[in-house]
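Please look at the structure below, and then follow the paragraphs in order, from the place where two chains meet, through one of the chains, to the charged pairs of the other.

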Amino acid sequence: MTTSQEKPTSAAGDAESWARMDQPSGRWMLTGTCPDVRERTLVLESAARLLFPVVLVFSVFLLLEGHYGPGGGFSGGLVAGLAFVLRHIAGGDDNLGSRFRIRPPVLVGTGLIIAVLTALAPVAWGDPVLASVKWTVTFGPFGYLDIVTSLLLDVGVYLLIIGVVLDLLRSLGSGIARDAREAGEDPPRGSGAG
Amino acid sequence: MLAVVAAHLVLALCLPALARYHRRLAFGAGAALLAATLVWTMAQASTALSGGVTDRIEWAPELGLTLSLRMDALAIAMIVLVSGVGALIMIYAAWYFGPRSTDAARSAALLVAFAGMMLGLVLADDLLTLYVFWELTSLTSFLLVGQGGQYRENRRAAVQALVVTVFGGLAMLLGIVLLGQLAGTYSIPEITAAATSGTLAPDSPVALSVSLVLILLGALTKSAQLPFHPWLPYAMAAPTPISAYLHAASMVKAGVVLVARLGPAFSVHPVWWAPVMVLGLATMVLGGWRAMRQTDLKRLLAFGTVSQLGFLMVLFGAGSRVAGLAGIAMLLAHGLFKAPLFMVVGAIDKACGTRDLRELCGLGRRRRGLAVIAALAGLSMAGLPPMLGFVGKEAAFEAFVLEGGVRGWVTAIGLVLGSLLTVAYTARFLWGAFSTKGLHPTGGDPVPLGLSGPAWLCALTGIAAGFAAPLVQQLAASYAASLPPVGDAYAARYELALWHTPGLPLLFTGVALVGGLLLHRYGQPLTGHLSVPHVSAQRGYEAVVTGLERSAIAVTGRLQIGSLPVYLGCILATLIALPGPVIAVTGTWPTDQAPYHSIMQVPVGLMVIIAAIALCLAHRRFTAVLLVGAVGYGIGGLFVIDGAPDLALAQFLVETLTLVAFVFVLRRLPAHFDEPDTERRVRGPKAAVAAVGGLLVAGMAVMLSGARTLPPATTEPFIAGAPEAGATNLISAILVDFRALDTVGEITVLLICASGTASLVLATRYDKRQNGKVVRSGSGSPKHEKEVLG
């Protein structure tokens, strides 16, 4: 019925050992906990391990790039969120939980607080709400850099979006998976886990 | 003045902590602040009476919102009640709430907050400022009447008071906005000036009438006028100090104050004075009549308040100088006699454990002090010399005798009837509380000075004010100066005084006294049987509330049936029914429609169309989700082709995330949609609604995109301002700079969505975490429910 059930029980004999080739027992993910061996695939885990930091860096690039080209806090946050989605699919929710200690609602709230504080901060200098300031810093021969305070607003959006995605993973991903386990619909855990 | 109002709120914030430390100190601090406010007001009184003291803060100048306060005669009269009587009631409350009372801390804070709101209300010089304080008093009163919410009676009374007064308040807001639009200002003096000079909306009398009726609706509900009166007697479920303060001395006067404020401007309009005077008279008589039949002393007084409020409405609605004088005198008199009467009832309640006049016996001999206070206050309530109540009532009779005509005489006779009933229920109160009725005597406990002292002060002030009629005259004359002297030359120079030459008013007082005493002595069978049980405003209120609940249940039961197709169908049907015909009739098809702008649009567009058609034919949920994804990516591709990389990026990312979320959810859903057999019956209508909805949206998209004939007005300044905002990417500049407020709003919506999803999915589970580890996890068990609900 569910996608994860169809995989391991399909074949026997040679076919089964061939199917197991992609099921590692070592510690491939960054953390120590490993999910059920029959839920793992080598290719996905290696890809996740390689891609996760790269995608995160790319998301930060998108966040900073937003002022000059396509990108911004929203897109950056979504990309970072998708990195976590990849981790979740490859390593399961235990992996995600142990890697990421801040609880999603906290992240969402922090993002909103940063955004609202950025919005209110100009009042302290007598400017209207949401006013932004631009500083231009020159680095001699390397050119110059524009620093805009509205970037902070974007950072707030970025954190909030990551939090939203993680919250979705927590509720729809882990939550539903655990419901399924408790209802006895998944294969039993613990057989051969590392 | 704003600082004084704010001081009340600040103190109210501190009081709960103080009350936990020392209960009486908290009430004492409240009383001190109220007394200080009174002293401060008196110090400014002479300036206020000559020209008025004003205080303004521009709140949102673009919207014409101003916090504007002004102290004048009417405000001073009300502050005497709100702060002066309020301070005495705070002292009374310190002794009334027992040492272990959990309500004391909350009540002290709320009473002080309420005093601040009421102060703002009576000082308000701007209709919107007035409205804000008006609703705040309703809310504070709700909290005060509801108390801790433990008792059903309190809850019901609080809800009824809130529903009725807020209903009126909302109607009033409509009226205020309408009036403000007609006058071009919300400032009360400007509106009054425009109305008296006849320049206020001369060409739209209907709109003016509508706005006046709506504003009156607020005043009538707040001041418990017929047919909105039942909430006030029910609100007597609150502890006595709160009843005495809110429902005798201050809050219910708000409606009267509003009528008095706007009276000088509008009392020539029949649409203003007719409802006020007719309902006021009816309320005065009905309240008096109902008071005659009460056995609970507090409810007897409450109906007395209803009756007196009707009296005040008549006086301020009449719009003549003498009536205005009488109105101010009665306003003061009512606060000064009703508060001590309530305090006496509270003391009786404490000493005897009952307020039922059928159970009280012999209290007059045993608690002589209370009896004297009640007698003094009762004399004023009955309108007998030498009390302030007598001064006011004489002036009231005089006003309508001088006015003459049908309106004057009908009102005068109505007032005599009302006063007669007032005398009768005063007698009933005194007899019921203090007489020896042949039962076993009640009331052994002595009354502490904290309970009787404030009542003494209040009642004695009532006499003092009667003798000091010239002082009251000064205050009242300042208010009444703005009203026309209706009647002969005598009306123009009439003054409040303890003694005038004997005439019709004195005769009326005599008739009321003798009639009232006779009614009390011999009227028991009359008042007992001649009741009107079939027409009850309370039953009307209950019918309205039940009807609302029933219709809400009926509507919800028909719409929220738990079927996703039905919900979607409702939304689509609304879309088709409301904008559909408008588009079909008024829409014009743009003439310059090219089949495509770039050749790349053709294959991508075809892919979207094919995916959409295949989606309708899909039987497996997973296939359907993938096809939805294909449609989304196709649209993203169209964005790329049209040169919108920002949109495309966001579209691709959101589409990916949606797919992932769908797949997560799909694990717990059946692989296939419902069997075709079961839905064949409804397939036709579904397909029709979906097809029409889709065509409508597509048509709308084309028409609206062709509707613009001029270059867009908003983008130019955005493009010009982008370098200043430090962005070479215009989209980003718009998102985080020009329209950053929208962005903040949108991410707030995202936060709400995330919490909502998490709540829906995780609602049945509760993990108790310790150091980041789950120590206990339930799954919807009853025990777990208890943990979640606390």
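A polar contact is a pair of N or O atoms within 3.5 Å, where, within protein, one atom must be able to donate a hydrogen and the other to accept it. With that in mind, and remembering that this is a predicted model, we can turn to the place where chain B and chain A touch: two residue pairs are in polar contact between these chains, counting pairs in which both residues have pLDDT 80 or more. The salt-bridge rule, for its part, finds zero salt bridges across this interface. The contact itself involves 44 residues of chain B and 51 residues of chain A, and together the two chains bury about 4,100 Å² between them, of which 70% lies on carbon and sulfur atoms.

Which elements of chain B give two or more residues to the side that touches chain A? They are helix 29 (645–666), helix 32 (730–738), helix 33 (740–762), strand 3 (765–770) and strand 4 (773–779) of chain B. Among these, helix 33 of chain B gives the most, with 14 residues. When the residues on this side of chain B are sorted by kind, 25 are nonpolar, eleven are polar and eight are charged.

Chain A, the partner in this interface, has six helices and two strands, and if you trace the chain from its N terminus, the elements follow the order α-α-α-α-α-β-β-α. Of its 194 residues, 39% count as buried, while the chain exposes about 10,000 Å², with carbon and sulfur atoms supplying 67% of that area. Among the contacts in chain A between residues at least 6 apart in sequence, 61% join residues that are at least 24 apart.

The charged pairs form the next topic. Side chains of opposite charge can pair when their charged atoms come close. Over all chains, the rule gives a count of ten salt bridges. In one of them, the side chains of Arg156(B) and Glu542(B) meet at 3.5 Å, N to O. This pair links distant parts of the chain, with Arg156(B) in helix 6 (residues 152–183) of chain B and Glu542(B) in helix 24 (residues 537–559) of chain B, 386 residues apart. Arg156(B) counts as partly exposed at 45% relative accessibility, and Glu542(B) counts as partly exposed at 30%.

Another salt bridge joins Arg355(B) and Asp296(B), whose closest N and O atoms are 3.1 Å apart. Here, too, distant parts of the chain are linked, since Arg355(B) lies in the loop between helix 14 (321–352) and helix 15 (363–366) of chain B, whereas Asp296(B) lies in the loop between helix 12 (270–292) and helix 13 (297–318) of chain B, 59 residues apart. Arg355(B) is partly exposed, with a relative accessible area of 21%. Salt bridges that share partners also join Arg70(B), Asp72(B), Asp125(B) and Arg261(B) into one network.

Within that network, the side chains of Arg70(B) and Asp72(B) meet in a salt bridge of 3.7 Å, N to O. Is Asp72(B) buried or exposed? With a relative accessible area of 14%, Asp72(B) is buried, because buried means under 20% relative accessible area. Arg70(B), by contrast, counts as partly exposed at 23% relative accessibility.

Finally, Gly694(B) has its place in helix 30 (residues 676–707) of chain B, where Gly694(B) is partly exposed, with a relative accessible area of 38%.

Methods: Residues are numbered from 1 along each chain as its sequence is written. Chains are lettered from A and ligands numbered from 1 in the order in which they are written. Side-chain values use heavy atoms; hydrogens and water are left out. Helices (H or I, at least four residues) and strands (E, at least two) are DSSP runs, numbered from the N terminus. Buried means under 20% relative accessible area, exposed over 50%, partly exposed in between (1.4 Å probe, protein chains only). Contact means heavy atoms within 4.5 Å. Accessible areas come from the Shrake-Rupley method with a 1.4 Å probe; for residues, only the protein chains shown count as cover. Buried area is the accessible area (1.4 Å probe) that two parts lose on being put together, summed over both. A salt bridge is a side-chain nitrogen of Lys or Arg within 4 Å of a carboxyl oxygen of Asp or Glu. A polar contact is a pair of N or O atoms within 3.5 Å; within protein, one must be able to donate a hydrogen and the other to accept it, and residues adjacent in sequence count only if both atoms are side-chain atoms. Ala, Val, Leu, Ile, Met, Phe, Trp, Tyr, Cys and Pro count as nonpolar, Asp, Glu, Lys and Arg as charged, and the others, Gly among them, as polar.
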